[in-house]
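Reader: I would like a close look at one part of this model, with the reasoning spelled out. Please keep it plain.

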Amino acid sequence: MHRSLAMNTHSFAKVSLSLLLILLTACATTSTTSTTWTAPPGPGGARFGAVESVQEIVERTEGNPAGGALAGALIGGFLFGRGPARLVGVAGGAVAGAAMSQGHAERRTYHVLVRFDDGGYGVFAYAGFSPFQPGEPVVWTPQGLSRR
């Protein structure tokens, strides 16, 4: 009976730790978008067109201090045994988890939609800023998109 109880306690600890690790992944959220690419012009070829639109895509990652505090408190409670030590572990874990889950990050990408004179379209992605404005005449060569 004693051996069976030890096995169950060990299994419970492994399952609990796994659940805590899953909770930690819920401490931040990220949103992402995708881009469609077209084939480049042929060798030595150039395609003329104009910028039809510029779309700004913002990808934000937001921390979740409440989720981090909960996960930290659970981990701290499991790591620091029983009695007053467990209370200290819960409190310390909550503070640490909340601190690690704060803040945010932001990344901007700009999609430049070009309508070419031959009737085709192309989408070009730029990180951080857009070098082109709507209505601007452009040319696409094997070296990339540039102003005319």
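Which residue forms a salt bridge with Glu-136, and how far apart are the closest N and O atoms? Please set the pair in its surroundings.

Author: The model is predicted, and that affects what can be said about each part. The mean pLDDT of the protein chain is 74, and 43% of its residues reach 70 or more. Among the elements, helix 1 (residues 2-25) has the lowest mean pLDDT, at 54, while strand 5 (residues 137-141) has the highest, at 94. Where pLDDT is low, the predicted coordinates should not be read in detail.

Glu-136 forms a salt bridge with Arg-147, and the closest N and O atoms are 2.4 Å apart. Glu-136 lies in the loop between strand 4 (121-127) and strand 5, whereas Arg-147 lies in strand 6, so the pair ties together parts that are eleven residues apart in sequence. Glu-136 is buried, with a relative accessible area of 15%; the cut-off for that term is under 20%.

The strands around this pair are themselves joined. Strand 5 and strand 6 (residues 144-147) run antiparallel, with four bridges between them. A hairpin of two residues connects strand 5 to strand 6. Within this pairing, Trp-140 has Leu-145 of strand 6 as its bridge partner. Strand 5 is mostly covered, since four of its five residues are buried.

Trp-140 and Leu-145 also belong to the largest nonpolar core, which has nine residues in all. The other members are Val-51, Val-112, Val-114, Phe-116, Phe-124, Phe-132 and Val-138. Strand 3 and strand 5 each supply at least two residues of this core. Strand 3 gives the largest share, three residues. One of the core residues, Phe-116, touches Trp-140 and Phe-124. Leaving aside residues up to four places away in sequence, Phe-116 also touches Arg-47, Phe-48, Gly-49, Tyr-121 and Gly-122.

The Glu-136 pair can be set beside the other charged pairs. Side chains of opposite charge can pair when their charged atoms come close. The count of salt bridges comes to five. One of them joins Arg-108 to Glu-56, with the closest N and O atoms 2.8 Å apart. Arg-108 lies in strand 3 (residues 104-116) and Glu-56 in strand 2 (residues 47-63), so this pair ties together parts that are 52 residues apart in sequence. Arg-108 is partly exposed, with a relative accessible area of 30%, and Glu-56 is partly exposed as well, at 40%. A network of salt bridges links Glu-56, Glu-106 and Arg-108.

Arg-107 forms a salt bridge with Glu-59, and here the closest N and O atoms are 2.4 Å apart. Arg-107 lies in strand 3 and Glu-59 in strand 2, so the pair ties together parts that are 48 residues apart in sequence. Glu-59 counts as buried at 17% relative accessibility, whereas Arg-107 is exposed, with a relative accessible area of 51%.

To return to the question, the partner of Glu-136 is Arg-147, with 2.4 Å between the closest N and O atoms. The salt bridge runs from the loop between strand 4 and strand 5 to strand 6, and strand 6 is joined to strand 5 by four bridges.

Definitions and conventions: Residues numbered from 1 in each chain as written. Predicted model: local features only at pLDDT ≥ 70, side-chain atom pairs only at ≥ 80, totals over all residues. Heavy atoms only, no water. pLDDT = per-residue confidence, 0-100. Pairing = 2+ DSSP bridges. Buried < 20%, exposed > 50% of the residue type's maximum accessible area, 1.4 Å probe, protein only. Salt bridge = Lys/Arg side-chain N within 4 Å of Asp/Glu carboxyl O. Core = buried A, V, L, I, M, F, W, Y, C linked by side-chain atoms within 4.5 Å. Contact = heavy atoms within 4.5 Å.
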